[in-house]
Amino acid sequence: MHITSPLSARSPAPINRRLVLLAYECLCTFEFGIAVEAFGRADDVSGQPLYELCVASVEEGTFGAQGGVRLVVDGGLELLENAGTIVIPGWRSVHEPAPDKLIAALQKAHRNGTRIVSICAGSFVLAEAGLLDGKRATAHWNSTEILAQRFPKVQVEHGMIYVDEGSIITSAGGAAGVDLCLHLIRRDYGIEVANRTARRMVTPPLREGNQAQLIQQPVPRRQAKTLAPLLDDLRSHLNTPLVIEQLATQAGMSRRTFLRRFHDATGTTPGEWMLSVRLKKACALLENGRLSIERVAEQAGFGSPETLRHHFRQRLGTTPTKWRKGFEVRPLS
């Protein structure tokens, strides 16, 4: 029988609300904590839990987690048998195979129609089980190349923060797990409940899966005191065209020396550095203000909304409008 939850009159709860969170030796505590916070707390309005959460361990008895923590949980892999959703919060190493008994349990659960979700390196466990063959998937940006090389049948999305393939959902690393959890709640209960969860977690309520995992920020590799005033001046004049000869003269260097010193200081070229600074400024304006897209483009040094949109698509995989919506504060229902 289909059960309609009072959490949202417009969005039914999942038919099987039992959510099993996987735990294992050397557990990734950050990813685990994200899932517990998102799925294990009661809704602020109804006071009811969103899911019937329990934790299943790969190992028996007490086991260790990252950060010197030792855990005793609800049970073993037998708990996966009746789950509506299984969440794999990371994995101890992309180079360490998952135990055969875990692979078998996940394959059985998938055959029975259980939805399986992974955060970060948890996608490697799903790939080992063959559950990602022919499907799109993602992982932490620093391991997607390894995932693609090791499992060529998987269509790896290197930049996306999460990928929803219906019964299989994967996410990038770290805080991208928050986005995946909110996406799942939004899918199960609707946007109002997901927004309340995001508000409680003090995080943007919506970042779409195809948003880029990161912006390469212009972080100096080492201090370069001779260029610091110039970099500060460039940050203050985002609309000023970059002319390398003028910048080299301002820094008192030849063109060749200037480019070498600039790369030493920032790890990139003047053009790439300035683009990153402008994107960072545009993101801040979109997140914190109500300026029109035209004004954001102007103040961030892009000149036109078309140019701004082009670079957002190329670098962030989204649009300025969608970026802004992800940081809107919605009132509590």
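## Close-up views of a predicted model

**View 1. Two cysteines in loops, C26 and C120, each with a positive phi.** C26 is found in the loop that runs between strand 1 (18–23) and helix 1. This is a predicted model, and in it the phi of C26 is about 65°, a positive value even though the residue is not a glycine. Most residues other than glycine have a negative phi. How exposed is C26? At 34% relative accessibility, C26 counts as partly exposed. C120 also isn't a glycine, and its phi is near 60°. You'll find C120 in the loop between strand 6 (115–119) and helix 3. With a relative accessible area of 13%, C120 is buried.

**View 2. The protein chain as a whole, for orientation.** Before zooming in further, here's the overall tally: the protein chain has 13 helices and 10 strands. Buried residues account for 48% of its 333 residues. Take the contacts between residues at least 6 apart in sequence, and 66% of them join residues at least 24 apart.

**View 3. Helix 10 crossing helix 12.** Here helix 10 (residues 270–288) meets helix 12 (residues 305–316), with axes that come within 11 Å and cross at roughly 105°. The two helices are therefore roughly perpendicular to each other. Which residues make the contact? On the helix 10 side they are E272, L275, L279, A282, C283 and L286, and on the helix 12 side L308, H311, F312, R315 and L316. Sorted by type, the residues of this contact come out as eight nonpolar, one polar and two charged.

**View 4. The ring pair of Y51 and Y189.** The count of aromatic pairs comes to seven. In the one shown here, the ring centres of Y51 and Y189 are 5.7 Å apart and the planes sit at 80°, so the pair is edge-to-face. The two residues are 138 apart along the chain: Y51 is in the loop between helix 1 (29–39) and strand 2 (52–57), while Y189 belongs to helix 5 (residues 176–189). Are these two tyrosines buried or exposed? Both Y51 and Y189 are buried. F39 comes into the picture too, since ring pairs link F39, Y51 and Y189 into a cluster.

**View 5. F262 against W273, another aromatic pair.** The rings of F262 and W273 are 5.9 Å apart centre to centre, with 90° between the planes, and the pair is edge-to-face. F262 lies in helix 9 (residues 255–266) and W273 in helix 10, so the pair ties together parts that are 11 residues apart in sequence. F262 counts as buried at 0% relative accessibility. W273 is buried as well, with a relative accessible area of 1%.

**View 6. L132 and its surroundings.** L132 sits in the loop between helix 3 (122–128) and strand 7 (136–137). Its relative accessible area is 0%, so L132 is buried. What does L132 touch, leaving aside its neighbours within four places in sequence? The contacts are S123, L126, A127, A137, K153, V154, I168 and T170. K153 on that list is 21 residues from L132 along the chain, and the C-alpha atoms of the two are separated by 7.7 Å.

**View 7. Helix 6 in its surroundings.** Eight of the 11 residues of helix 6 (residues 191–201) are buried, so this helix is largely enclosed by the rest of the structure. The buried ones are V193, A194, N195, R196, T197, A198, R200 and M201. What do they pack against? Their partners are helix 1 and helix 5. Just after helix 6 comes V202, which takes a positive phi of about 55°.

**View 8. The largest nonpolar core, with 71 residues.** In soluble globular proteins, nonpolar side chains tend to be buried together. Which members of this core touch the most others? They are F39, L80, L102, L106 and I185. Helix 5 gives the most to the core, with eight residues. L80 makes a handy place to zoom in: leaving aside its neighbours within four places in sequence, L80 is in contact with V20, L22, A56, I86, A105, L106 and A109. F39, one of the core residues listed here, is also in the ring cluster with Y51 and Y189.

Technical notes
Residues numbered from 1 in each chain as written. Predicted model: local features only at pLDDT ≥ 70, side-chain atom pairs only at ≥ 80, totals over all residues. Heavy atoms only, no water. Axes fitted to C-alpha atoms, helices over the stretch in contact; angles between N-to-C directions. Helix = DSSP H or I, 4+ residues; strand = E, 2+ residues; numbered from the N terminus. Parallel < 35°, antiparallel > 145°, perpendicular 65-115°, else oblique. Contact = heavy atoms within 4.5 Å. Nonpolar A, V, L, I, M, F, W, Y, C, P; charged D, E, K, R; others polar. Phe/Tyr/Trp six-rings, centres within 6.5 Å; stacked < 30°, edge-to-face > 60°. Buried < 20%, exposed > 50% of the residue type's maximum accessible area, 1.4 Å probe, protein only. Core = buried A, V, L, I, M, F, W, Y, C linked by side-chain atoms within 4.5 Å.
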